[in-house]
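This report covers empty space in one protein model: a pocket and the cavities. Start with the structure below.

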Amino acid sequence: MVYPINLLASFKSLVLLLVALCFMGCSSIFHINTFGSDLEVLNTIDDLHVLKSENSMIAVSGELQGRVFTSSSNGLNGKSYGWFNRKSIKDHSFKNRFGNLGGEDRMWFGPQYGKFNVFFEPGLTFDDKNSRIAHDLDTLLFETKKKTHKEIISKGRMHIKNYQNYVFNIDVERKISILNKHEIEQNLNISIDDEVTYVGFESVTKMTNIGTNKWSKNTGLLSIWILGCMVPTKNTVAMIPVKGHLDEVTNYFTPLDDSRIKIKDGMVYYKADANYLNKIGILPQNTIPVFGSYSPELNLLTLIEFTFENNEHYVNSKRKDNQDPYAGDVINIFNDGVTSTAGPFGPFYELETSSNAQELEAGKNMVHISKTYHFEGKKEYLDKISYKVLGVKLSNRVKL
């Protein structure tokens, strides 16, 4: 059959359009930048510093509240592991508000929901349209106190108001340090094969009560909440080793089925593909202070290690059925996606940890430490690290 030329042209255009749309949709999740190309974008930030240890590099801003934007295990040409809001940096809108700027390690405060939350103005309903980031957390530039090739220390004085109109007057200090090979091996009790590239960094967040009164559970408490935005892939799966009996996790926002989460042999497997808006949490009684994720497309194992006080008071950030404000999670994983009222935000997935909540006396402080590690290489080498740290080999992991 002979088709008219104009029909063939239209058909060809349609095919090209469909291919382009498919590529765009896939590239938004599967494309990963080099550290060098991300650094070109980030260099417009006045207070950007690159900390280095051999081929390991991280990009940090002390002023933007000790924010780690991204990292690389293989220098400028290596993969850039963190997600950040490139648009906000390119159009300079972050200079007005930067609470949603993202990054591989940033600081927020909990709780997000409940009667003592710090994300809604008093009296407003907990609808997405009413959610906001506390003004100082969104706009306050920290003062950089120290910077070397290995670490940056910055601090700022903040006023955070909760849903009960209680104002926390706090001094916050963030210390970001890049870790060398020996420190990583010592921290995790592992040996890194020469075939594996690696990067590790530590954030130490100290919050001091500079008010005149002791904080009370009756008026609300704060937690230090550390969030890390990571670049997702279609087959990225988070892996959380747990203790005690666990049939289900804390589930936020949307329903889950066994295509997205499975609990087996003391391990929670959770699909982190940035394609279904959801969030899960692990309560303190089930928490082991280490977890991670694996992205087979990138040959990448990511681990998070953190301080865990095993205190009974962890702020509750559930939007509904939030009867006990101090029965919250220690570990959270957020998966990006779309609902009728929110998303998408990235695309990214987040690895998150929270400190406990303390009734701090005036002048006293609390500290939360988070360590992020990335290992890139063949599965046979990553298997050894995963088994040593998480207790599961990647080759034996549950697939979602």
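By class, how many nonpolar, polar and charged residues are in the lining of the largest pocket? The lining has 16 nonpolar, eight polar and twelve charged residues. Keep in mind that this is a predicted model.

**The largest pocket**

The largest pocket holds about 920 Å³ of space. Its lining is made of 36 residues. Gln112, Tyr113, Asp128, Phe253 and Phe345 lie nearest the centre of the pocket. Four elements give two or more residues to this lining: β4 (106-110), β9 (223-230), β11 (250-252) and β18 (349-354). The largest share comes from β9, with three residues.

**The cavities**

Rolling a probe the size of a water molecule over the atoms shows where empty space is left. Across the whole structure, three cavities of 30 Å³ or more turn up. Two of them are set out here.

| Cavity | Volume | Nonpolar lining residues | Polar lining residues | Charged lining residues |
|---|---|---|---|---|
| Largest cavity | about 80 Å³ | three | five | two |
| Second largest cavity | about 60 Å³ | five | four | two |

Take the largest cavity. Its lining includes Gly110, Ser223, Trp225, Tyr252 and Lys279. Val315, Ser317, Asp329, Asn332 and Ser354 also line this cavity.

Now the second largest cavity. Glu104, Asp105, Ile226, Leu227, Gly228 and Met230 are among its lining residues. So are Ile304, Leu351, Thr353, Ser370 and Thr372. The elements that give two or more residues here are β9, β18 and β19 (365-376). Strand β9 supplies the largest share, four residues. Recall that β9 also gives the largest share of the lining of the largest pocket.

**The chain as a whole**

The chain has six helices and 19 strands. Its radius of gyration is 22 Å, close to the 21 Å that the globule rule gives for 400 residues, so the chain is as compact as a globular protein of that length. Along its principal axes, the C-alpha trace spans about 85 × 50 × 50 Å.

How much of the chain counts as buried? The figure is 55% of the 400 residues. The chain exposes about 17,900 Å², and carbon and sulfur atoms supply 50% of that area. Contacts reach along the sequence too. Among those between residues at least 6 apart in sequence, 70% join residues at least 24 apart.

Technical notes. Residues are numbered from 1 along each chain as its sequence is written. This is a predicted model: local features need pLDDT of at least 70, side-chain atom pairs count only at pLDDT 80 or more; totals for chains, interfaces and linings use all residues. Side-chain values use heavy atoms; hydrogens and water are left out. On a 1 Å grid over the protein atoms alone, a cavity is a set of points where a 1.4 Å probe fits but cannot get out, and a pocket is an open set with protein on both sides within 12 Å along at least five of seven lines; lining residues have an atom within 4 Å of a point. Grid points are joined across faces, edges and corners, and a volume is the space filled by probe spheres set on the points. Ala, Val, Leu, Ile, Met, Phe, Trp, Tyr, Cys and Pro count as nonpolar, Asp, Glu, Lys and Arg as charged, and the others, Gly among them, as polar. The radius of gyration is taken over C-alpha atoms; the globule rule is 2.2 Å times the number of residues to the power 0.38. Buried means under 20% relative accessible area, exposed over 50%, partly exposed in between (1.4 Å probe, protein chains only). Contact means heavy atoms within 4.5 Å. Accessible areas come from the Shrake-Rupley method with a 1.4 Å probe; for residues, only the protein chains shown count as cover.
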